[in-house]
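The following exercises concern a predicted model. Each task is followed by a solution that proceeds step by step.

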Amino acid sequence: MEFTTLTVSVERHVATVTLNRPDVRNAFNETVIAELSGAFRALGDTPEVRAIVLAGQGPAFCAGADLNWMKKMAGYSHDENRADALQLAQMLHTIWACPKPVIARIHGDTYAGGVGLVAACDIAVAADHAHFCLSEARLGLLPATISPYVIRAMGEQAARRYFITAERFDAAEALRLGFVHAVVPADALDAKVAELTAALVANSPNAVRESKRLVQDIAGQSIDDDLLADTAERIAAIRASDEGREGVRSFLEKRSPSWRPA
């Protein structure tokens, strides 16, 4: 695919998708939304790719919605607004449901829909100068389409506060809330992301994919007979898979498994 608002590169099984609108602080519009959806669908279907990094060019990770896009939306009918919002909702779901693990590389400001992008990723790493804000209430709006991911990522109580106050919070607070997994100095951000992608690429691609799906499917469920049967079926299936058999054999034979890069 060719992109006008993103850059996409692949190196050593790791794809990097970079928001490339630094002049507007990587704010998104309908083009960005469509291109992100297309990029993550394509990379999710690319066997060579085993992990994806989502990053931003310039001084900010993502400032949320583009002002010109917001001006255009102000004149939309209810039906047009709903269709437009559904495109954003579907893009976030494409990232969340991508079969490859996704790491958010966060620097600078991350506002509104940008917070949703982070929440849709599997792992989030922030530079210590990064700031976050769910700013929608200041504009008389709701963080509705991003809410399923943000509430899961930061918890109900924190979401309740930051949705209604629209306060800005820093990387240290994001870490305390569990919204991000690591906070590092800006000059160590790439090294931390590289450490995580190396860990992902060292693991069985099938096990990583199924582990991601496992968390999404199991979280919040009651522990009952149906869940016990489901989890037993999942481990039985992966034990019998080619990668499952290779992983056990390589461990017993004290060698690297076939999927691990040299």
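The exercises below treat domains, burial and salt bridges in turn.

**Exercise 1. Describe the interface between domain 1 and domain 2.**

Solution. Step 1: locate the parts. The domain assignment places domain 1 at 4–198 and domain 2 at 203–251; their centres, taken over C-alpha atoms, are separated by 28 Å.

Step 2: count the contacts. On the side of domain 1, 10 residues are in contact with 6 residues of domain 2.

Step 3: give the area. About 570 Å² is buried between the two domains, with 55% of this area coming from carbon and sulfur atoms. Of the area that domain 1 buries against domain 2, Arg50, Trp96 and Pro99 supply 66%, more than any other three residues.

Step 4: examine the polar component. Between the domains there are 6 residue pairs in polar contact, both residues being at pLDDT 80 or more. By class, the side of domain 1 that touches domain 2 comprises 7 nonpolar, no polar and 3 charged residues. The count of salt bridges between domain 1 and domain 2 is 1.

**Exercise 2. Determine whether threonine 18 is buried or exposed, and which residues it is in contact with.**

Solution. Step 1: threonine 18 belongs to strand β2, residues 14–19.

Step 2: its relative accessibility is 12%. The cut-off for buried is under 20%, so threonine 18 counts as buried.

Step 3: leaving aside neighbours within four places in sequence, threonine 18 is in contact with Thr5, Leu6, Thr7, Ala55, Gly56 and Gln57.

**Exercise 3. State how many residues of helix α4 are buried.**

Solution. Helix α4 spans residues 113–120, and 8 of its 8 residues are buried. Among them are Val115, Leu117 and Val118.

**Exercise 4. Compare the placement of three salt bridges in the chain.**

Solution. Step 1: arginine 160 forms a salt bridge with glutamate 156, with 2.9 Å between the closest N and O atoms. These residues are separated by about one helical turn, because they lie 4 residues apart in helix α6. Arginine 160 is partly exposed at 44%, whereas glutamate 156 is exposed at 54%.

Step 2: the side chains of arginine 213 and glutamate 210 meet at 3.2 Å, N to O. Being 3 residues apart in helix α9, arginine 213 and glutamate 210 are also about one helical turn apart.

Step 3: aspartate 217 and arginine 234 form a salt bridge at 2.9 Å, N to O. This pair links distant parts of the chain, 17 residues apart, with aspartate 217 in helix α9 and arginine 234 in helix α10.

Conventions: Residues are numbered from 1 along each chain as its sequence is written. This is a predicted model: local features need pLDDT of at least 70, side-chain atom pairs count only at pLDDT 80 or more; totals for chains, interfaces and linings use all residues. Side-chain values use heavy atoms; hydrogens and water are left out. Helices (H or I, at least four residues) and strands (E, at least two) are DSSP runs, numbered from the N terminus. Buried means under 20% relative accessible area, exposed over 50%, partly exposed in between (1.4 Å probe, protein chains only). Contact means heavy atoms within 4.5 Å. Domain bounds come from an automatic or database domain assignment. Buried area is the accessible area (1.4 Å probe) that two parts lose on being put together, summed over both. A salt bridge is a side-chain nitrogen of Lys or Arg within 4 Å of a carboxyl oxygen of Asp or Glu. A polar contact is a pair of N or O atoms within 3.5 Å; within protein, one must be able to donate a hydrogen and the other to accept it, and residues adjacent in sequence count only if both atoms are side-chain atoms. Ala, Val, Leu, Ile, Met, Phe, Trp, Tyr, Cys and Pro count as nonpolar, Asp, Glu, Lys and Arg as charged, and the others, Gly among them, as polar.
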